[in-house]
Structures are given as C-alpha cells and as structure tokens.
Amino acid sequence: AYRLAQGDWFGRWSPFAAATAPDKARTPPMRPTLEVFTQPPVITPPTPVPTGPLAGSIEVRIPVPRAADLPAGGSALARLDLDETFDGATLTTTQYALNALPATAVFEPHPSPGHDLLIVHRQGPSLLPATSRKVTYQARWVDTLALVSANSDPAIRTMTDPRPPPPPAV
C-alpha cells in the first residue's frame with residue numbers, strides 16, 4: 001500500500017490517502033548464447049574405412065551468468081532447456097538442471113572472465129559417406145521462480161562425413 005498526498009505550487013498539501021498497486025512483474029532471465037562445435041566420426045587408421053552410417057559428436061557451450069550478473073529483480077537460474085533439430089525434422093528438447101547434471105553435461109567454473117560454462121556433449125546424426133546434415137540448436141533459461149527467458153538465437157552447423165563416396169559401379 002502507498003500513502004499519497006497532492007501538493008500545489010504554493011506548498012499546500014492535501015490529506016494523505018492510501019492506495020494499492022500491483023507488484024511489479026519479476027524480470028525473466030536473459031536469453032542464453034550458444035557456441036556449437038562439431039566433430040566428424042572418429043575412424044582408427046589400421047582398420048578399413050567402414051561403409052555404413054557413422055555419427056560424429058557435437059559440443060554445445062553455454063555461458064552461465066553468475067548471480068551478480070543476473071538482471072535486477074531476477075532469480076537464480078534453475079535449468080537450461082536445449083532444443084535440437086536435425087535437418088528441420090523432429091525437435092528434441094532436453095532439460096539440464098544446474099544442480100543435477102547428467103553425465104553428458106559438465107559445469108566448468110571459470111574465475112575469469114565473468115562467467116562459468118555449461119558444456120553439453122551430444123551425438124550427431126548418423127551420416128553415410130560423403131553426406132551432410134544440418135543441426136540446429138536453440139536454448140532458454142528457466143529460473144527458480146519458473147520464469148522462462150526468450151529463446152537464444154539459433155546456432156546452425158552443417159555436419160559432414162569426411163569419408164569419400166563409394167566408387168561408381170562398373
């Protein structure tokens with residue numbers, strides 16, 4: 001509740017009145033920034049090159065802001081929702097709770113520059129020799145008050161299989 005009085009240019013004041021106003025909406029978290037790094041499938045040299053589909057690996061790095069870097073009125077971050085799409089097909093959303101990360105995700109604290117990193121390791125799509133597929137990632141933060149940030153900019157990479165194409169049939 002607020003107490004209000006009205007004044008004029010001559011310094012006279014009205015009696016105080018009570019008024020209520022709704023609470024200001026809490027500030028949602030800032031949107032995340034994604035860095036995506038792809039690796040082709042690993043083939044050990046002494047073995048013959050396989051001709052079937054192979055999957056590479058994908059590393060997604062997300063800077064995690066510290067509590068002091070959150071916007072005014074914001075709450076602590078609880079989890080990251082990561083959307084993964086291969087060639088615009090099926091969308092897969094995976095949740096990474098910051099207090100209980102799965103084995104495929106690592107929290108890397110950094111004393112400097114001003115942010116820590118959440119590193120997520122994903123398996124890429126299965127690729128036949130000399131083919132490629134586009135992978136797209138988007139993410140959003142969810143804080144402890146269940147407020148959701150805006151989606152990150154899409155991080156799009158093309159994964160390419162480095163093996164040569166099969167020889168033409170003669």
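The following paragraphs lead from the overall form of the protein chain to the surroundings of a single residue, Pro125.

The structure is a predicted model, and in it the protein chain contains 10 strands and 0 helices, so that reading along the sequence gives the pattern β-β-β-β-β-β-β-β-β-β. As for its dimensions, the C-alpha atoms occupy a box of roughly 100 × 35 × 25 Å along the principal axes. The radius of gyration of the protein chain is 26 Å, whereas a compact globule of 170 residues would have one near 15 Å.

Turning to packing and surface, buried residues account for 28% of the 170 residues in the protein chain. Among the contacts with a separation of 6 or more, 64% join residues that stand 24 or more positions apart. The protein chain exposes about 11000 Å², of which carbon and sulfur atoms supply 60%. Its charged side chains comprise 14 positive and 14 negative ones, and the centres of these two sets are 4 Å apart.

Within this framework, Pro125 offers a local view, being placed in strand β8, which covers residues 115–127. Pro125 counts as buried because its relative accessibility is 4%, the limit for that class being under 20%. Leaving aside residues up to four places away in sequence, Pro125 touches Leu54, Ala55, Gly56 and Phe86, together with Arg133, Val135 and Met159. Ala150, by comparison, is 25 residues from Pro125 in sequence, and the C-alpha atoms of Pro125 and Ala150 are separated by 27 Å in space.

Key:
Residues numbered from 1 in each chain as written. Predicted model: local features only at pLDDT ≥ 70, side-chain atom pairs only at ≥ 80, totals over all residues. Heavy atoms only, no water. Helix = DSSP H or I, 4+ residues; strand = E, 2+ residues; numbered from the N terminus. Rg over C-alpha atoms; globule rule 2.2 N^0.38 Å. Buried < 20%, exposed > 50% of the residue type's maximum accessible area, 1.4 Å probe, protein only. Contact = heavy atoms within 4.5 Å. Areas by Shrake-Rupley, 256 points an atom, 1.4 Å probe, with all protein chains shown as cover. Lys, Arg positive; Asp, Glu negative; His and termini not counted. Charge placed at Lys NZ, Arg CZ, Asp CG, Glu CD.
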